[in-house]
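Load the model in your viewer and switch to a cartoon view. Keep a selection box ready for the stops below.

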Amino acid sequence: MLQIQYFLPTPLGELAQPPASVNVTVQPRRRRLRLYLVGSEADTRSAIDSLHILGYAERFEWSRVIAIPENGLLIRPDPDDVLRYLQRYRSP
C-alpha cells in the first residue's frame, strides 16, 4: 500500500510568533587585565622570572622592553627604567 503525506502551509499568524523553545545564550564578555612592570631591565626580568616560577605567566607572554620617554607616561621613571607589560583575558 502506498501512503502519500501532504503538508499544508502554516497560517500567517503562526509564522509571526517565534518558537516557544528558543533559548538565546548570551556569551559573557571576557575581562581584560593588564599588568605593567616598571623598573630596571634586570629588575623587570627578575619579576617576570618569579611570576613564571609561580606558574602565573610564561616569559614569552610579556612584551619586549619598551623605553619610557623622558617626559614619562603617567608616572615619572627613574633613569634607565623600562616598561614591560602582559595582557590577559579573564572569564567573568
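Leaving aside neighbours within four places in sequence, which residues is Ile48 in contact with? Select Leu37, Arg59, Trp62 and Arg84: these are the contacts of Ile48 beyond that window. This is a predicted model, so treat each stop as a prediction.

**Stop 1: around Ile48.** Colour residues 41-53, helix H2; Ile48 sits in this helix. Turn on the surface and look for Ile48. Its relative accessible area is 2%, under the 20% cut-off, so Ile48 counts as buried. Now pick two C-alpha atoms, those of Ile48 and Glu58. They are 10 residues apart along the chain, and 8.3 Å separates them in space.

**Stop 2: the strands.** Select residues 31-39 and 82-90, strands E1 and E3. The two run antiparallel and are joined by nine bridges. For one position in E1–E3 pairing, click Leu33; its bridge partner in E3 is Arg88. Next add residues 66-67, strand E2. E2 also runs antiparallel to E3, with two bridges between them. Click Ile66 here, and find Leu83 of E3 opposite.

**Stop 3: a surface patch.** Select Val38, Leu73, Leu74 and Ile75 and show their surface. Together they make a nonpolar patch of about 420 Å². Zoom to Ile75, in the loop between E2 and E3. Is Ile75 buried or partly exposed? With a relative accessible area of 40%, Ile75 falls between the 20% and 50% cut-offs, so the label is partly exposed.

Note on methods: Residues numbered from 1 in each chain as written. Predicted model: local features only at pLDDT ≥ 70, side-chain atom pairs only at ≥ 80, totals over all residues. Heavy atoms only, no water. Helix = DSSP H or I, 4+ residues; strand = E, 2+ residues; numbered from the N terminus. Buried < 20%, exposed > 50% of the residue type's maximum accessible area, 1.4 Å probe, protein only. Contact = heavy atoms within 4.5 Å. Pairing = 2+ DSSP bridges. Patch = residues over 30% accessible without salt bridge, like charges linked within 9 Å, V, L, I, M, F, W, Y side chains within 5 Å. Areas by Shrake-Rupley, 256 points an atom, 1.4 Å probe, with all protein chains shown as cover. Salt bridge = Lys/Arg side-chain N within 4 Å of Asp/Glu carboxyl O.
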